[in-house]
Amino acid sequence: MVPRVLAETVALLLLAATLAFAVVRPRGLPEAVVAVPAALLTVLLGILPTGVALEELRSLGPTIGFLAAVLVLAELCDREGLFEAAGQRMAAGARGRPVALLGLVFAVGSAITAVLSLDATVVLLTPVVFATALRLRLRPKPHVYACTHLANTASLLLPVSNLTNLLAFRASGLSFTRFAATMALPWLAAIGVEWLVLRRFIATDLVGHGEVVAGPPSRAPRYPVAVLGCTLLGFGLASLLHLDPAVVAALGAGALALPALASRRVQVGDLARAVALPFLAFVAALGLVVRAVSEAGLGQLVARLVPDSSSLLSLLAVAVGAAVLANLVNNLPAILLLLPAAAAAGPGMVLAALLGVNIGPNLTYVGSLATLLWRRLLHERNAEPAVGEFLRLGALTVPFALVAATLALWLALRGLP
Amino acid sequence: MTATMRVLLWLVEGTWQGCVDAARPLLPADAEVALLHVAPSEVEEATTGALAGLLGRGRPGPGRHPAERISALSDQAAAALLTAAEARLGRQAHRQVRRGRVERLVIEAAQGADLLVVARDGDRSRLGPASLGPATRFVVDHAPCPVLLVWPDETPAVDSIPPPPTHPPPPAPPHEHRADD
């Protein structure tokens, strides 16, 4: 057995190496290249007992499967034309008015983020929104900013909306419907703040009148929408039947994948790429390394720092602390580190931590200070990127959104029996 | 004046029609006209930044990177906008499409021009300083040539200016010596 102080130091060094590699990603190598060996080392050195490691993997397993299913669902919805159809409807509905388009982007962006996760909004919806603004000959900036901000802020509602939610959902012990019911008010509050701030912040880009396009030229893809609807209903039913919602997500992904594969619209390779296997390995390995850090002693420190009452002030303290932690490195290790202590203090604390790690990343445009500094360093050799405006927008929205969402969470926790 | 007048029109989505319409009757027949569109690089930066926040999930297949899709679309749309503007202007013009820091690229393009035509950002509901966005403000302040600043719609009437305050503000109180001085 390694001495305790040494174990803590080694575990922290391994965590630092894992995260630094994930941020820098030399030559575009996957994060798992360092994370997996680091996780193995924690077990081999005896910092993380094998039994604890296996238990951690068992508890992470369904979450990782859940994530894979959601990634596949979003990818298939894109290939079936769901995002294109959304773009056409936004274009027709805006009738050339920039504020109307922003309103539609808020509605569609919030819904897509909640149901298909923030990844879908960032990777799949943002280019469609951009194309829609250009098609209407409107300035694209406010609408793209709305997408990137909503990807974080609107990912509060459902356990599937964000990987951090999936992790917190399992730790909180809440049912799917209960999670959604408690987070509905904070979700609305955070989106409301984004709307109010963005509308004022970027008012001079929401001007003039664009082109008016005729009504939706193509039919909305009904099958993917129906599958998504059934999957959401299934989540609700599964929590009544005490069935793992990951199973429902896998069924939904299968219902879209099988016909697409059968008609050769999609290859198996496309689905494998959507699943992002190296990333799933990274999540598992990061979970183990963070567990090792917690076990070696940092967990007790975090537990001492997390208050155990659900008063408004405690919730606010945890939310702000989580936002700061998420901004230092990334929201994924932040929530992994906070979860054991927060879960011990009750589901209210877990959800407060979630508000912090989900809203917080809007403060820096890349979601963490470390990534921002690294990218700055890279860019200095080329042209200076124009991120000042986006950082100012983050500084204006995050504090208000965080406070409003925490207040709403406090009300929801008191209001729900 | 012997040399032909060189005029640059900076066109932005939402207000470009008004800018073209305002400039058209004022341009001398022999003026050399250039049309400029600058796409803000912040849009791609924000997209790539959001992608970086996803860590390894944000690696779409070739040709599907959001920032790549955005750049390609942006250039096409800008070219189409300038073609439409040239048709609206009703005369031949030199078309320039740029991407980057908007205000700096506009100033750069205005080097050597005799007149820069700029539209305000907005309609008559945004009078006063609010009618200039940050990029327009910078261009007006730093242009290396005379600037023609136009309203994209009808120019507001003089009576749109709010009346001066009816009561003049009270004069500042004179400095008084405090007891402890």
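**Exercise 1: a helix on a sheet**

Work out which strands of chain B helix H3(B) lies across, and at what angle to S2(B) it runs.

*Solution.* Start with the helix: in this predicted model, H3(B) lies across S2 and S3 of chain B. Next, take the direction: H3(B) runs at about 150° to S2(B). Now look at the two strands underneath the question. S2(B), residues 32-40, is joined to S3(B) by seven bridges, and the two run parallel. For one concrete pair, pick Ala39(B): its bridge partner in S3(B) is Arg99(B).

**Exercise 2: the whole sheet**

Find the order of the five strands in the open sheet of chain B, then name the edge strands.

*Solution.* Read across the sheet and you get S3-S2-S1-S4-S5, with parallel pairing. The edge strands, S3 (94-100) and S5 (147-150) of chain B, each pair on one side only. Ignoring direction, neighbouring strands are turned by 20° against each other on average. Then add another helix: H5(B), residues 134-142, lies across S1 (6-10), S4 (115-119) and S5 of chain B. H5(B) runs at about 155° to S4(B).

**Exercise 3: where the chains touch**

Say how many residues each chain gives to the contact, and which element of chain B gives the largest share.

*Solution.* Count by chain: 35 residues come from chain B and 46 from chain A. On the chain B side, the elements giving two or more residues are H2 (42-52) and H3 (66-89). H2(B) provides the largest share, nine residues. Sort that side of chain B by type and you have 16 nonpolar, eleven polar and eight charged residues.

**Exercise 4: checking a helix length**

Test whether the span of H4(A), residues 82-94, agrees with 1.5 Å a residue.

*Solution.* The helix has 13 residues, so it should span 18 Å. Its end C-alpha atoms are 18 Å apart, so the two agree. Now see what is tucked away: the buried residues of H4(A) include Leu82(A), Phe83(A) and Met90(A). Among what covers the buried residues are helices H3 (50-79), H5 (98-135) and H9 (222-241) of chain A. Right after H4(A) comes Arg95(A), with a positive phi near 45°.

**Exercise 5: positive phi, buried or exposed?**

Decide whether Ser117(A) and Ala276(A) are buried or exposed.

*Solution.* First, some background: most residues other than glycine have a negative phi. Ser117(A), in helix H5 of chain A, has a positive phi of about 80°. It has 26 C-beta neighbours inside 10 Å, so Ser117(A) counts as buried. Ala276(A) sits in the loop between H11 (268-275) and H12 (277-305) of chain A, with phi near 55°. Its 24 C-beta neighbours inside 10 Å mean that Ala276(A) counts as buried.

Note on methods:
Residues numbered from 1 in each chain as written. Chains lettered and ligands numbered in written order. Predicted model: local features only at pLDDT ≥ 70, side-chain atom pairs only at ≥ 80, totals over all residues. Contact = placed C-beta atoms within 7 Å. Helix = DSSP H or I, 4+ residues; strand = E, 2+ residues; numbered from the N terminus. Nonpolar A, V, L, I, M, F, W, Y, C, P; charged D, E, K, R; others polar. Pairing = 2+ DSSP bridges. Axes fitted to C-alpha atoms, helices over the stretch in contact; angles between N-to-C directions. Expected span 1.5 Å × (residues − 1). Buried ≥ 20, exposed ≤ 12 C-beta atoms within 10 Å, placed from the backbone.
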